[in-house]
Amino acid sequence: MNALSLVPMFLVGLAGSVHCIGMCGGIVGALSLGGGAGAAAAPTRPVIAIAVARPALQTTLQSNVLRVLAYNGGRIVSYMLAGAMAGSLAGAGMLHLASLQVAGYWLANLMLVALGLYLMDAWRGLAHLEAAGNVVWRRVRPLLKPLMPMDTPLKALAVGGLWGWVPCGMVYSALLTAMMQGSALNGAATMAAFGLGTLPTLLGMGLLGTRLRAQMQRRPVRIASGLLVLGFGLLGLLRAANGVSLGWLDALCVTGHP
């Protein structure tokens, strides 16, 4: 696997992050509020008030940035762990049979098609898959209680690591692709690229809050994002129908395959 082959997964994460706004927006937005509880009362003199407020505001901003970065770091690490587990299935020979590999490739791209339609609100089938995944989440959720409130970067890191296991159709789509990569290392790299794609939006959400959330949830944004993911899925299905399963970017002749 070369770095260029990870670009599609990064783009899928970037486009799909409009869904992350709905799934993770609440908890990420809460991170931007956790540092403001201890602010001192405003002094009576305006000049003194400005002098005191500036350092306090700077400290709060730095604290917010650290906690948002820690949360997202934990989330991406959990994606990589899941990707390594998925990729190890192929590495252990569980997907060695050619027929299973082809079926997995078809399924991975069908999931991308489903995700694209889901992002556009054209089909909500993945919502049922997320509901089924709540069986796992119910076991993970109690672990969050000791970590609240998320008032330190360490707590935010732990919450992010747990939140990465929240049932999510978008993550399931990426994991199917990671499973086909042939090794734990490649599976982890695939999910790292996907997680980094979601990072810009969730960083912005953590620092800008509801202003960014409102913009990202606009219908034109969701449709454009869904079309991008849908395009990757359809391209993969087209290549699978022609007996080719080397990857999305091979169709553009940029991965070095003949």
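**Entry 1: arginine 219 and the loop before α4**

I began with arginine 219, which counts as exposed at 51% relative accessibility; in my notes buried means under 20% relative accessible area, exposed means over 50%, and partly exposed lies in between, with a 1.4 Å probe and protein chains only. The model is a predicted one, in which local features need pLDDT of at least 70 and side-chain atom pairs count only at pLDDT 80 or more, whereas totals for chains, interfaces and linings use all residues. Residues are numbered from 1 along each chain as its sequence is written, and side-chain values use heavy atoms, with hydrogens and water left out.

I placed arginine 219 in helix α9, which spans residues 219-241; helices here are DSSP runs (H or I, at least four residues) and strands likewise (E, at least two), numbered from the N terminus. Leaving aside residues up to four places away in sequence, I found arginine 219 touching Met120 and Asp121, where contact means heavy atoms within 4.5 Å. Its C-alpha atom is 9.5 Å from that of leucine 119, although the two residues are 100 apart in sequence.

I then followed the contact to aspartate 121, which lies in the loop between α3 (98-119) and α4 and is partly exposed, with a relative accessible area of 41%. Its phi is near 60°, a positive value in a residue other than glycine. I noted this angle because most residues other than glycine have a negative phi.

**Entry 2: the loop between α4 and α5**

Where is the cis peptide bond that involves proline 149? I found that bond joining methionine 148 to proline 149, with omega at about 0°, and proline 149 itself sits in the loop between α4 and α5. Most peptide bonds are trans.

The loop between α4 (125-140) and α5 (153-163) also holds arginine 141, which I recorded as partly exposed at 45% relative accessibility. From arginine 141 to tryptophan 163 I noted 8.6 Å between C-alpha atoms, for a sequence separation of 22 residues.

**Entry 3: α6 and its cover**

I next asked how many of the eleven residues of α6 are buried. The count is nine, and α6 is thus mostly covered; among the buried residues are Gly169, Met170, Val171 and Ser173.

I looked at serine 173 separately: this residue of helix α6 is buried, with a relative accessible area of 1%. Not counting residues up to four places away in sequence, serine 173 touches Met111, Leu112 and Leu115.

Leucine 126, in helix α4, is also listed as buried, at a relative accessible area of 3%. With residues up to four places away again excluded, leucine 126 touches Met111, Ala114, Leu115, Tyr118 and Gly169. Leucine 126 and serine 173 stand 9.8 Å apart, C-alpha to C-alpha, across 47 residues of sequence.

**Entry 4: α6 against α7**

I checked the pairing of helix α6 (residues 169-179) with helix α7 (residues 184-208), whose axes come within 8 Å and cross at roughly 150°; axes are lines fitted to C-alpha atoms, for helices over the stretch in contact, and angles run from 0 to 180 degrees between N-to-C directions. That makes α6 roughly antiparallel to α7, since angles over 145 degrees count as roughly antiparallel, those under 35 as roughly parallel, 65 to 115 as roughly perpendicular and the rest as oblique.

I recorded the crossing of α6 past α7 as right-handed, the near helix being turned clockwise from the far one by less than a right angle, with anticlockwise giving left-handed. Met170, Val171, Ala174, Leu175, Thr177 and Ala178 make the contact from α6, and Gly187, Thr190, Met191, Phe194 and Thr198 make it from α7. I sorted these contact residues into seven nonpolar, four polar and no charged; Ala, Val, Leu, Ile, Met, Phe, Trp, Tyr, Cys and Pro count as nonpolar, Asp, Glu, Lys and Arg as charged, and the others, Gly among them, as polar.

**Entry 5: tyrosine 71 and the whole chain**

Is tyrosine 71 buried or exposed? I found tyrosine 71 buried, with a relative accessible area of 0%, in helix α2 (residues 46-91). The C-alpha atoms of tyrosine 71 and leucine 157 are separated by 4.5 Å, with their positions 86 residues apart along the chain.

For the chain as a whole I counted nine helices and zero strands. Of its 258 residues, 44% are buried, and among contacts with a separation of 6 or more, 81% join residues 24 or more positions apart. The exposed area is about 13100 Å², of which carbon and sulfur atoms supply 71%, with accessible areas from the Shrake-Rupley method and a 1.4 Å probe, and, for residues, only the protein chains shown counting as cover.
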